[in-house]
Amino acid sequence: MTATILTSIITFCVTFEATCLIQAYFHQVVGHGRWLRWIGKSHRESHHRVYSASNFEAPDYNRHEDSVEYTYIPAGIAVILLAHALLPVIPGLVAFATVPASIWMHNYLHKQYHLTNSRLLRYAWFRRKRELHWIHHRDYRTNLGVFHHLWDRLLNTYAAAGSHPGYEK
């Protein structure tokens, strides 16, 4: 029982980090890179135009802008299938639940970055991450991660808070 719980906790952490890596990497190579250029063009001409660095916030999230979240679905399915093939039933179910939960958390947090009156603004950690996301909208090659920036550091795409003047706190 204890081994199953420990394995499940480790599975959750590894699966969550895998989805964070997938999000950051696909954001780089699909959203702003050379893979599936039509999706990247749609992302840049929609999301980055609606929420430019000079018009980063809005009272409501624009539900009409084109998103690239669906590009993560094949990679998420691959993570789930890999977990299913390699793990016992309970940790496999943990991985199966973690992928969509992680994608939902990424989407939720990302939308909050663009809201003028987000309830998360009361937290210093959120305000810092919001600034890092604003930097991404100023320089699309940086800060591709949404939830955290470990993978940006490892992929050499991290730009520190305060590195781009003009952000209004």
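This short talk goes through the aromatic pairs, one histidine and one helix of the structure above.

Please keep in mind throughout that this is a predicted model. I will begin with the aromatic rings, of which the structure holds eight pairs. In one of them, Phe16 and Phe147 meet edge-to-face, with 5.0 Å from centre to centre and 80° between the planes. This pair links distant parts of the chain, since Phe16 belongs to helix α1, residues 2-31, while Phe147 sits in the loop between α5 (124-138) and α6 (150-154), and the two are 131 residues apart. The two partners also fall into separate classes of accessibility: Phe16 has a relative accessibility of 9% and therefore counts as buried, whereas Phe147, at 27%, counts as partly exposed.

A second pair is made by Tyr51 and Tyr61, whose ring centres are 5.3 Å apart and whose planes are at 20°, which is under the 30 degrees that stacking requires, so this pair is stacked. Both tyrosines lie in the loop between α2 (37-50) and α3 (73-86), 10 residues apart, and Tyr51 and Tyr61 are both buried.

Elsewhere, ring pairs join Tyr113, Tyr123, Trp125 and Phe126 into a cluster. There is also an arginine to mention here, because the charged end of Arg153 sits over the ring of Tyr158, at 4.0 Å from the ring centre.

Let me now return to Tyr51 by way of a histidine. Which backbone oxygen does the side chain of His137 reach? It is that of Tyr51, at a distance of 2.5 Å. His137 lies in helix α5, and with a relative accessibility of 9% this histidine counts as buried. If we leave aside the neighbours within four places in sequence, His137 is in contact with His47, His48, Tyr51, Ala53, Phe56 and His114.

Two of those contacts, His47 and His48, bring us to helix α2, where they are listed among the buried residues together with Ile39, Gly40, His43 and Ser46. What do the buried residues of α2 pack against? Their partners are α1, α4 (89-113) and α5. As for its dimensions, α2 has 14 residues and reaches 19 Å from the first C-alpha to the last, which is close to the 20 Å expected at 1.5 Å a residue.

To draw this together, Tyr51 is the residue I would ask you to look at on the screen, as it stacks with Tyr61 and offers its backbone oxygen to the side chain of His137.

Technical notes. Residues numbered from 1 in each chain as written. Predicted model: local features only at pLDDT ≥ 70, side-chain atom pairs only at ≥ 80, totals over all residues. Heavy atoms only, no water. Phe/Tyr/Trp six-rings, centres within 6.5 Å; stacked < 30°, edge-to-face > 60°. Helix = DSSP H or I, 4+ residues; strand = E, 2+ residues; numbered from the N terminus. Buried < 20%, exposed > 50% of the residue type's maximum accessible area, 1.4 Å probe, protein only. Lys NZ or Arg CZ within 6 Å of the ring centre and 35° of its normal. Polar contact = N/O pair within 3.5 Å; in protein donor to acceptor, adjacent residues only side chain to side chain. Contact = heavy atoms within 4.5 Å. Expected span 1.5 Å × (residues − 1).
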